[in-house]
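Welcome! Here is a short guided look at a protein model, starting with its overall layout and ending with its surface.

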Amino acid sequence: MASLFNQVPSVSTVFALYTSLSAISMILRRIINEIVLKPIRDYINVKVVDLFTSYCQSSFTLVIEHKWDLR
């Protein structure tokens with residue numbers, strides 16, 4: 001049991017990973033909004049929603065931001 005607690009990362013490590021992933025996702029969203037054309041973004045959005053809804057239970061809620069254009 002003690003070896004299990006030795007493998008658990010610290011809270012600061014978890015928060016550092018979370019902030020890094022959040023920053024990367026915001027940067028990628030900004031790049032996609034500026035480079036990729038709107039019809040292609042809409043197509044990608046539909047495919048992502050289809051991917052999650054086909055493999056997740058009906059009790060799972062997926063929230064996708066409705067406003068993609070950042071001005």
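Let us begin with a single residue: Glu34 is exposed, with a relative accessible area of 56%. Please keep in mind that the model you see is predicted.

**The overall layout**

The protein chain holds three helices and zero strands, so the order of its elements, read from the N terminus, is simply α-α-α. Of its 71 residues, 3% count as buried. About 6,600 Å² of the protein chain is exposed, and carbon and sulfur atoms supply 68% of that area.

**The annotated span**

An unreviewed UniProt entry lists residues 12-32 as a "transmembrane region". In the model, this span is 100% helix and 0% strand. The C-alpha atoms at its two ends lie 30 Å apart.

**Charged pairs**

Side chains of opposite charge can pair when their charged atoms come close. How many salt bridges does a search of the whole structure find? The search finds two, and here they are side by side:

| Salt bridge | Closest N and O atoms |
|---|---|
| Arg30 with Glu34 | 2.7 Å apart |
| Lys38 with Asp42 | 3.4 Å apart |

Where do Arg30 and Glu34 sit along the chain? Both belong to helix H2 (residues 11-35), and because they are four residues apart there, about one helical turn separates them. We met Glu34 above as an exposed residue; its partner Arg30 counts as partly exposed, at 39% relative accessibility.

The other pair can be found in helix H3, which covers residues 38-55. Lys38 and Asp42 are four residues apart in this helix, about one turn. Is Lys38 buried or partly exposed? With a relative accessible area of 44%, Lys38 is partly exposed. Asp42 is partly exposed too, its relative accessible area being 34%.

**A nonpolar patch**

Now turn to the surface. Leu17, Leu21, Ile24, Ile27, Leu28, Ile31, Ile32 and Ile35 make a nonpolar surface patch of about 770 Å². One member to pick out is Leu21, which has its place in helix H2. Leu21 counts as exposed because its relative accessibility is 51%, and the cut-off for exposed is over 50%.

**Putting it together**

Helix H2 is a good place to look again: it contains Arg30 and Glu34 as well as Leu21 from the nonpolar patch. From there, move on to helix H3 to find Lys38 and Asp42.

Methods:
Residues are numbered from 1 along each chain as its sequence is written. This is a predicted model: local features need pLDDT of at least 70, side-chain atom pairs count only at pLDDT 80 or more; totals for chains, interfaces and linings use all residues. Side-chain values use heavy atoms; hydrogens and water are left out. UniProt positions are given in the numbering used here, feature names are shortened, and annotations may be inferred rather than shown by experiment. A salt bridge is a side-chain nitrogen of Lys or Arg within 4 Å of a carboxyl oxygen of Asp or Glu. Buried means under 20% relative accessible area, exposed over 50%, partly exposed in between (1.4 Å probe, protein chains only). Accessible areas come from the Shrake-Rupley method with a 1.4 Å probe; for residues, only the protein chains shown count as cover. Patches are made of residues with over 30% relative accessible area and no salt bridge: like charges are joined within 9 Å, nonpolar side chains (Val, Leu, Ile, Met, Phe, Trp, Tyr) within 5 Å.
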